[in-house]
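Morning, everyone. Let's put the model up and walk through it.

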Amino acid sequence: MSAVKESAHGKRDTGTLGKLMVLLDVVSHADGPMRFTDILAVTDQPRGTVHRQLSHLVEEGLLEIDEDGLYLPGLRLLDFASRSWGRNEFRLIAEPHLKALQDMTGETVHLGVLRGTSIIYLDKFEGQQPVRMYSQIGNASPVYCTGVGKAALSILPQERVRALVAEITFHRFTANTHTAKSLLGEIEEIRKVGHAFDREEHEVGIRCIAAPIWSENLSLVGGVSVTGPAYRLGMESLSEWAAPIRATAGRIMEAMRVGLGPRR
């Protein structure tokens with residue numbers, strides 16, 4: 001059975017549209033094309049309902065069926081994603097500041113936003129060095145083991161952080177991946193210093209430093225990060241970028257205030 005990300009397993013009772021979104025979420029987050037029986041096993045819906053809803057999604061181009069009868073994301077999703085990405089005002093406002101940070105560091109720069117217990121990457125400027133990251137725009141990463149994720153959590157009220165942490169199933173990706181207790185402890189430290197590190201917590205050999213970005217009403221919470229291989233980025237080197245990355249986050253937030261403020 002194809003592996004499915006944790007986010008695809010959540011049971012929702014939001015009517016027909018919600019059930020269609022569950023199926024779309026399951027197939028889109030799978031590691032590969034899925035059999036009908038695999039989808040049925042993780043959706044907790046009647047067989048006939050699942051078959052009918054999958055047919056609707058295929059008809060609309062949101063899902064496709066390959067020659068082996070396996071379901072996979074449809075090309076129409078690419079059109080939606082491209083239009084959403086191209087018109088995202090927050091990304092467009094942040095873009096020149098991300099590029100300037102990438103020019104300064106020579107390493108890969110990411111922009112991400114908090115969605116539930118995940119970080120969704122909105123933009124990426126690839127590093128100038130030979131070794132490159134395999135992250136992709138639109139991908140989701142766990143909030144608890146990424147620099148942007150921990151930076152974003154540090155902005156939220158403590159009760160909201162605890163509620164989110166309670167929803168997380170902590171998977172130990174590396175020996176450095178946080179537990180709930182250690183994560184809460186580090187978030188307190190991040191609040192004091194204003195930046196976060198990923199000390200090979202998601203991928204062995206990958207480190208990053210991140211700073212939070214947020215709107216005044218916390219409707220948007222995310223962060224910006226500089227990421228690179230551990231053999232090239234020691235903790236001392238990363239720490240030297242703390243002030244520049246916090247300054248970049250500050251410039252993005254000021255640009256947000258001006259560009260995304262109340263419109264008359």
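Confidence first, since this is a predicted model. Mean pLDDT for the chain is 84. Of its residues, 85% reach 70 or more. Where does pLDDT stay under 50? Over residues 1-13. For that stretch the model has 30 contacts beyond four places in sequence.

Next, helix α1. That helix covers residues 15-29, and M21 lies in it. Is M21 buried, partly exposed or exposed? Its relative accessibility is 38%, and buried would need under 20% while exposed would need over 50%, so M21 counts as partly exposed. Now look from M21 to Q53. They are 32 residues apart along the chain. Their C-alpha atoms are separated by 9.8 Å.

On to the sheet. There are six strands, in an open sheet. Read the order across: β5-β4-β3-β8-β7-β6. The pairing is antiparallel. Why do β5 and β6 each have one side without a neighbour in the sheet? They stand at the edges, β5 at 140-142 and β6 at 196-199, and each has a single partner strand, so one side of each is left free of a neighbour there. From one strand to the next, the twist averages 35°.

Zoom in on β3 and β8. Strand β3 is residues 108-115, and β8 is residues 221-229. They run antiparallel, joined by six bridges. To find one of the pairs, go to V109, whose bridge partner in β8 is V226.

Now helix α5, residues 89-105. What does α5 lie across? Four strands: β3, β4 at 118-125, β7 at 206-214, and β8. Against β3, the helix runs at about 145°.

That brings us to the cores. In soluble globular proteins, nonpolar side chains tend to be buried together. Here the largest nonpolar core has 26 residues. Which members touch the most others? F90, L98, I209, I213, V224 and M256. At least two residues each come from α5, β3, β4, β7, β8 and α10, the last spanning 242-259. The largest share is from α10, with six residues.

Pick out I209 for a closer look. Leaving aside residues up to four places away in sequence, its contacts include V224, S225 and V226. W241, A242 and I245 are also among them. So are H195, A196 and F197, and L238 completes the list.

One last item. There is a second, separate core, with 22 residues. Among its members are L114, I119, Y121 and A210. Over to you for discussion.

Note on methods. Residues numbered from 1 in each chain as written. Predicted model: local features only at pLDDT ≥ 70, side-chain atom pairs only at ≥ 80, totals over all residues. Heavy atoms only, no water. pLDDT = per-residue confidence, 0-100. Contact = heavy atoms within 4.5 Å. Buried < 20%, exposed > 50% of the residue type's maximum accessible area, 1.4 Å probe, protein only. Pairing = 2+ DSSP bridges. Axes fitted to C-alpha atoms, helices over the stretch in contact; angles between N-to-C directions. Core = buried A, V, L, I, M, F, W, Y, C linked by side-chain atoms within 4.5 Å.
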